Amino acid sequence: MRSRFFQSDWRSRAACRSAWLSLFLSLALSATANAAEATAAASLPHLQRSGDVTQLIVDQRPFLILGGELGNSTASSPEALSGIFPKLRRLHVNTVLSPVYWELIEREEGKFDFGLVDHVIDEARTSGMRLVLLWFGAWKNSVSSYAPAWVKLDCKRFPRVLKRDGSAVDILSPLADETLAADGAAFAALMRHLLEYDGDRHTVLMVQVENEIGMIPEARDHSPTADAALARPVPKELMDRFTRGGDDALSRDLRDRWQSAGAKTSGSWVEVFGANADGEEVFTAWNFAKYVNDVARRGKAEYALPMYVNCALNRPGRAPGQYPSGGPLPHLIDVWRAAAPQLDMLSPDVYFFNFADMTERYRVPGNALFVPEAMRSPRASANAMYAIAQQGAIGFSPFAIEAIDDVETNLLGQTYGALAQLAPQILEHQARGETIGLSPKTGYDGSLDDSPQTIALGEKYTLRVHFAGGKRGPIDPAEITSGDPAMRGRNLPPSGGMILRTGPDEFTLVGNGLTIIPDATDRAMQAGLLDVEEWTARDGKWQPRRWLNGDQTNQGRELFLPMGSIAMLRVRLYQYH
Ligand code: DGJ
């Protein structure tokens, strides 16, 4: 008995031990697996809050996107792409934003061909560059022209948006399950393929989901499905944004729309946001954002790169429906963020002149700033520096970058050359709030206020900044790439720059068309230039060239950056009395 007891006791203890052992092993294994997963996730390109800003981390280091977006059809064949990457390399572009086209990836339903995608990746690798891929899926500039033929031709399975009069618009409805399933499956296949082809190389840093989404020429879909959705209650995730208190979380525009509709905390879309175009646009934004969130979720389940959407900004004074409505516009940021938590960023395409105002509107807590499209005008150089230094952007990227012809002398190319070399310092000082962007004030209509600005440089100094705006450069309409006729033939002087505050009495200055005069914050003191070192680009590298003094600094009093080419100065200041 006893022995049996002991035996069984021994057995049960052994069984117990082995159960503990296997539990311990499985916990250890799962901890190892979790740790491995965490390491793998940390090694993917990702966004990370760093001091004052959010930065893009690539291969464990902060990365600055000196970007350029390709024209829409440039990545549609190897022939069209031939020679482009080496040219962009000479412009010091380090990241190319390239479309990938649903219609060419999935010509036949369920059969994927990633040959063209691989070709773009190979080209980038050969030139030592990175990529951001733009998913031209269900929507590109509002319409659905990049959907494959089998989608375009099947209106029943993939319904279009309907206008009030019942006629169709060439916009796939975001309320169609089959469209979402097909678009999402293709996007998931793309991300699966990117993991296989590029998961260990990280040539592809981020992915843009769809392109410039927006409803036009009416603020919402009028199909029976949309009518039914409009009558349903506003989802709690969105309502919570209005009721959780603290105005900061919500844009003033959106709060105003809600308040003018009666500030109700529950009800149908019409009840809460009103039976008008303003209210309808909120409904449209929610549906687009929910759809995109699902596409992004499916993609991230395969390969979790950072994902974002880009926004076609609207002109002042237009009503919803008159511009592509419901996209991630400044007044709809809260709707998008409530509906699409899978998106890492909402990003403005800034083709308007009021670059500073527009980028400011996307500097909301939790949204890293990235400018995926901008005018490829002479102001691109100053705008790039302003975005990065003043607005803490992770990067900047003018549209149709390959159309630049004056590669060796181009102002943006020179700027990118300087910024590429300074990138580690820029990122370090950006995170510490020690970068300043210099730009004259410009209005939406191109009006220019180039009066001098006084800016603080740390505790001890102020700088009086004069812009060479008085002497406007020659107007070259061909350089304005905006599709907006109002923008054509307009130009602004390219003067602008950036400052890295490298110490209490020193800074690095990059820019063009500026005169800068230091002053002491302490009224009892005077400020002067202790020494000024000029750096220039030689053999593709910025290096020290001259000590500037005498006439070149107005006898130790002023810094000059000439118009027309990028200069870099390392400056030390001092005080005397
Ligand atoms: C914005 C779009 O996102 C781009 O694809 C391109 O069509 C430009 N507009 C053209 O200005």
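**Note on the helix packing, sheets and salt bridges of a predicted model**

1. Ala-380, Ser-381, Ala-384, Met-385 and Ile-388 of helix α15 are in contact with Leu-411, Leu-412, Thr-415, Tyr-416, Leu-419, Ile-426 and Gln-430 of helix α16. Sorted by class, this contact comprises 9 nonpolar and 3 polar residues, with no charged residues. The structure under discussion is a predicted model, and the points below should be read accordingly.

2. The geometry of this helix pair is as follows. Helix α15 spans residues 380-389 and helix α16 spans residues 411-431; their axes lie 10 Å apart and make an angle of about 5°. The two helices are therefore roughly parallel to each other, given that angles under 35 degrees fall into that class.

3. Both helices also bear on a sheet. Its 6 strands form an open arrangement in the order β15-β20-β21-β26-β23-β24, with antiparallel pairing. Strands β15 and β24 (541-548) stand at the edges; each has a single partner strand, so one side of each lacks a neighbour in the sheet. On average, neighbouring strands are turned by 25° against each other, direction ignored.

4. Helix α15 packs on this sheet and touches β15, β20 and β21, its direction making about 150° with that of β15. Helix α16 lies across β15, β20, β21, β23, β24 and β26 (567-576), and runs at about 30° to β20.

5. Which strand pairs with β20 over 7 bridges? That partner is β21 (residues 506-512), and the pairing is antiparallel. Within it, Gly-497 has Gly-511 of β21 as its bridge partner. The connection from β20 to β21 is a hairpin of 2 residues. Strand β15 (residues 435-438) also pairs with β20 in the antiparallel sense, over 4 bridges, with Thr-435 opposite Leu-500 of β20.

6. Why can β20 be described as largely enclosed by the rest of the structure? Of the 8 residues in this strand (residues 496-503), 6 are buried, so the description follows from the burial count. Elsewhere in the sheet, strand β23 (residues 526-538) is joined to β24 by 7 bridges in an antiparallel run; Trp-535 stands opposite Pro-544 of β24.

7. Parallel pairing is found around strand β6. This strand (residues 130-140) has 11 of its 11 residues buried, so it is largely enclosed by the rest of the structure. Strand β5 (residues 95-101) runs parallel to β6 and is joined to it by 7 bridges, Leu-97 having Val-132 of β6 as its bridge partner. Strand β9 (residues 204-211) is likewise parallel to β6, with 6 bridges between them; here Leu-133 stands opposite Val-207 of β9.

8. The salt bridges form a separate topic. Side chains of opposite charge can pair when their charged atoms come close. The count for this model comes to 26 salt bridges. One of them joins the side chains of Arg-125 and Asp-198, at 2.7 Å from N to O. This pair links distant parts of the chain, since Arg-125 lies in helix α5 (residues 115-126) and Asp-198 in helix α7 (residues 177-198), 73 residues apart. Asp-198 is buried, with a relative accessible area of 0%.

9. Arg-257 and Asp-278 form another salt bridge, in which the closest N and O atoms are 3.7 Å apart. Arg-257 belongs to helix α10 (residues 252-260) and Asp-278 to helix α12 (residues 277-302), so the pair ties together parts 21 residues apart in sequence. Are the two partners buried or partly exposed? Arg-257 counts as buried at 13% relative accessibility, because the cut-off for burial is under 20%, whereas Asp-278 is partly exposed at 32%.

10. Within helix α12, the side chains of Arg-297 and Asp-294 meet in a salt bridge of 2.9 Å, N to O. The two residues are 3 apart in the helix and are thus separated by about one helical turn. Both partners are partly exposed: Arg-297 has a relative accessibility of 38%, and Asp-294 has a relative accessible area of 23%. Finally, Glu-109, Arg-157 and Glu-178 are joined into one network by salt bridges that share partners.

Note on methods: Residues numbered from 1 in each chain as written. Predicted model: local features only at pLDDT ≥ 70, side-chain atom pairs only at ≥ 80, totals over all residues. Heavy atoms only, no water. Buried < 20%, exposed > 50% of the residue type's maximum accessible area, 1.4 Å probe, protein only. Pairing = 2+ DSSP bridges. Salt bridge = Lys/Arg side-chain N within 4 Å of Asp/Glu carboxyl O. Axes fitted to C-alpha atoms, helices over the stretch in contact; angles between N-to-C directions. Parallel < 35°, antiparallel > 145°, perpendicular 65-115°, else oblique. Contact = heavy atoms within 4.5 Å. Nonpolar A, V, L, I, M, F, W, Y, C, P; charged D, E, K, R; others polar.
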